[in-house]
Structures are given as C-alpha cells and as structure tokens.
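Welcome to a small set of exercises on pockets, cavities and strands. Have a look at the model below, try each task, and then follow the solution step by step.

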Amino acid sequence: MKDLIRSRNLLIGAGFAAILVGLAAFQALLAQGSAVQGQAAQAPRYEVDPLWPKPLPNHWLLGSTIGVTVDADDHIWIIHRGAATLSDNEKQIDLHIGECCTAAPPVLEFDQAGNLLRHWGGPGPGYEWPDSNHGIFVDYKGNVWIGGNGGPDSQILKFTKDGKFLLQIGKKGARRVAGAAVGNGEGAEAGYAGGSTDPLNFGRVAKIFVDPKENEAYIADGYLNKRVAVLDADTGKMKRFWGAYGHVPDDAPMPAYDPSQPHAQQFRTPVHCADMSVDRLIYVCDRVSNRVQVFTAAGKFVKEAYYHPNTEGDGSVWDVAFSRDPQQQFIFIADGANDKVRIIDRQSLKELTNFGDGGRQPGQFHAVHSIAIDHEGNLYTTETYEGKRVQRFLLKGLSPVTKMDQGVLWPAAH
C-alpha cells in the first residue's frame, strides 16, 4: 500500500513538474514573441546641414523653389521662380532703391560643398520658357528637363547642362480656350481646358523622370491634365498615358477631396510626380487626394496608400524620392501642407516615421515642395511659396524608430 501511495505521489510530482516546465517554456515563447513584436522598426536617421549651400553671389535670392534633382556627379540642381515670386522689399536692386537684392537665374547647380557651379535659364531664341517653371530633372545623358505650371504652359523643355536648348515638346498655349478670359494664379484653370488624351501637348507639367533602360520620359501631367504620359526621350513622341487606377484619363471637373467619400477614380490636379523605382514600378503623387498610386511601367495599377488623409487644400503627397540601398527599402515623401518629410517602407507603403515642422529655421519647412537624394543617401528639399530655399539633410545611418514625429532634426552635439 505504501508502495502504491509512493508511486502515485511520484506520478503526481512528475506531472506537476512537467506542467511547470511547460508553463515555463510557454512563458519563454511569449516573452520571445513579445520581444519580436516590440522590436522597433529601423529607419534612416538624418540631421539638417545648416551651412549648406553657401551664400549666393551678386546679391542673388531664390524665389519660390519648386524643383530639385541630383545628377550622376552628385551635383544638386534646383529651379525656382525668380523675380515673379520675390516681394518688392526683396528685389530692391530691380527697383533701384537699395543695394540688395535681385533674383538669381532660374536654374542653379551646386556641388557637394555647396558651391554654385552653373546658373542659367529664362526666355531665349528657339523655345518658349514657361510662365511658371516647375520641376527639374537631369537624365542619364546629362540633359536637363523642365516643366511648367503657368496658365498657358503646355510644353516641356530639354537643355544641356550649360543651358543650350535641345528640344521643346508641346506648344505653349495649346490648352487655351478660344475667347476665354486668362486665368490667374498657380494652377488656375480659367481660360484653359484639360487635354489628357492629347498626344502632342501637355497641361501644366509638374515633374519629369527619364528611364535610362528604355530611354522613356515619364511626365507628371499635371496641374491641368490628369495623367501620366510616357514619351520617347529623344524625339518626344508620346507612347502611352494613363489616369488613376490605370483608367483612361477624364478631364471632367471633380468635387473637392473629402476623406469620407469613396476613392476618386481619376487623379485630382495636380498630378505632382511620376518616378520609377529599381524594380520598374511607377510611383505617382496624387497630391490633393493625399495618396500615392503605384503602377507597372505599362500603366497597370498595382496598389495605393493614403498619407495624413484628413489633409485638405494643398494635400499631403507632393514628391517622392527612393533610398539608395539596392532594394530601395524606403520612400521619402515631401508633405508641403503639413511641413514634414515622411519615411515610408516601400513594400508595405506604411509610414515608419517623419521629421520636420513649420518654421524658417534650418530643419523646419514652409511648404516643402520637392525632394531628391544623392548617392550617399543625403536628402535635399526645396520650399515653395514663402519658403524660398533648398536644404540638405545628412544621413547618419539606420536607427530604431522610437516615435512617429521626430520634429526638427537639429545636429547632435559632438
């Protein structure tokens, strides 16, 4: 009998010990899972470079600065709107009332040290300069492409790096309605009609990207039209175009963006970017709809994502740039309405973190408009409206994301 009791107790003890071991193992798995789930995502970390670029010569000032690109030599090119966007007290030389200042030429090239290398632009023989230049891109052949979003701007221009005119695609004023009043202001539609199926002309082009593999130019077209257009980059001949979700673009008026309504089946104006990733997907900024739409190079819709979807007015998706790692793991979105740069995981399109704030100090923004990245991963931003500047943000490596809003990325103390 004592042997039976002893055997029973041993069995109970062994079972209890087994339960304890099982619980311990389960708790260890839970802890491990919690550690994995709680592990912070990694994202690039930046600091503003408050001393870049160097001051401009000749008392020059930038006007509303609405384009930035980085060439193969890691030189930074910007384009701005010049005297038309300077206030009278900024352009006193032009008014003959002071020693400072005047507008810089529209196109400026800087090296990595912030030195001004080349400057040119404006009306000239053989081409029609935009009323309101918009966007700049240096292609793999070293050609400089420029669009425009002024009332009559329905053309694209191509120059050498020295400013020698090469090609105009489209004719200025092609979208003008006969007998109509001329529209005023950025993106004004009075007096002009969209032509999003026009194979020859454009409707206020926002940005251009040239694919070196196929030698095709992708046109974000634009502030009046509602499409992505693809051209032969040598001849300018249009090869294809598409609207939101890959639909045939429709120029019919659309209601103002409302986040509570179903997703718009057409792009709103402006279609503000159309850039290609390393896996040959086209990322399109539907700015006022607060969304990025992704397509194949043929125009087949792949996916979309919305960012700060309650943003009204100017919208939250102004421009994109891709990180320089081989997979381009991250997208950087310029959000000019909310004065931030958003860092996005490219595969999931989820926002990881953001930086910036409204203001005029380095690292702050007033209408951050365009964004580009150099081969070292440093970011360059331009600001329109009263921002009127270009800024550089230095890559400091990858770090765990500890908060969504990083604020102003002031340099750390050394």
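**Exercise 1.** How many residues line the largest cavity, and which lie nearest its centre?

*Solution.* Before starting, note that this is a predicted model, where local features need pLDDT of at least 70, side-chain atom pairs count only at pLDDT 80 or more, and totals for chains, interfaces and linings use all residues. Residues are numbered from 1 along each chain as its sequence is written, and side-chain values use heavy atoms, with hydrogens and water left out.

- Step 1: fix the term. On a 1 Å grid over the protein atoms alone, a cavity is a set of points where a 1.4 Å probe fits but cannot get out, and a pocket is an open set with protein on both sides within 12 Å along at least five of seven lines; lining residues have an atom within 4 Å of a point.
- Step 2: search. The whole structure holds 1 cavity of 30 Å³ or more, and the volume of the largest cavity is about 70 Å³. Here a volume is the space filled by probe spheres set on the grid points, which are joined across faces, edges and corners.
- Step 3: list the lining. It has 13 residues, with Ile-66, Gly-135, Lys-207, Asp-319 and Ser-370 nearest the centre.
- Step 4: assign strands (DSSP runs of E, at least two residues, numbered from the N terminus). β3, β8, β12 and β24 each give at least two residues to this lining.

**Exercise 2.** Describe the lining of the largest pocket.

*Solution.*

- Step 1: the largest pocket encloses about 810 Å³ of space.
- Step 2: 35 residues line this pocket, and Val-70, Phe-137, Phe-209, Met-276 and Arg-324 are nearest its centre.
- Step 3: the strands that each supply at least two lining residues are β3 (65–70), β8 (133–138), β12 (205–211), β16 (271–276), β20 (319–322) and β24 (368–373). The largest share, 4 residues, belongs to β12.
- Step 4: sort by class (Ala, Val, Leu, Ile, Met, Phe, Trp, Tyr, Cys and Pro are nonpolar; Asp, Glu, Lys and Arg are charged; the others, Gly among them, are polar). The count is 18 nonpolar, 6 polar and 11 charged residues.

**Exercise 3.** Why does Gln-328 count as buried, and what does this residue touch?

*Solution.*

- Step 1: locate Gln-328 in the loop between β20 and β21 (330–335).
- Step 2: Gln-328 counts as buried because its relative accessibility is 11%, and buried means under 20% relative accessible area (1.4 Å probe, protein chains only).
- Step 3: leaving out residues up to four places away in sequence, Gln-328 is in contact with Ser-277, Val-278, Phe-322, Ser-323 and Arg-346; contact means heavy atoms within 4.5 Å.
- Step 4: a polar atom of the Gln-328 side chain is 2.8 Å from the backbone nitrogen of Val-278.

**Exercise 4.** Work out the surroundings of strand β6.

*Solution.*

- Step 1: check both faces of β6 (residues 107–110). Val-107 and Glu-109 on one side and Leu-108 and Phe-110 on the other are all buried.
- Step 2: find the partners (two strands pair if DSSP finds at least two bridges between them). β4 (residues 76–80) runs antiparallel to β6 with 4 bridges, and Ile-79 has Val-107 as its bridge partner.
- Step 3: β7 (residues 116–120) also pairs with β6 in the antiparallel sense over 4 bridges, with Leu-116 as the bridge partner of Phe-110.
- Step 4: look at the connection. β6 and β7 form a hairpin with 5 residues between them, and Gly-114 in the turn has a positive phi of about 90 degrees.

Technical notes
Buried < 20%, exposed > 50% of the residue type's maximum accessible area, 1.4 Å probe, protein only. Polar contact = N/O pair within 3.5 Å; in protein donor to acceptor, adjacent residues only side chain to side chain.
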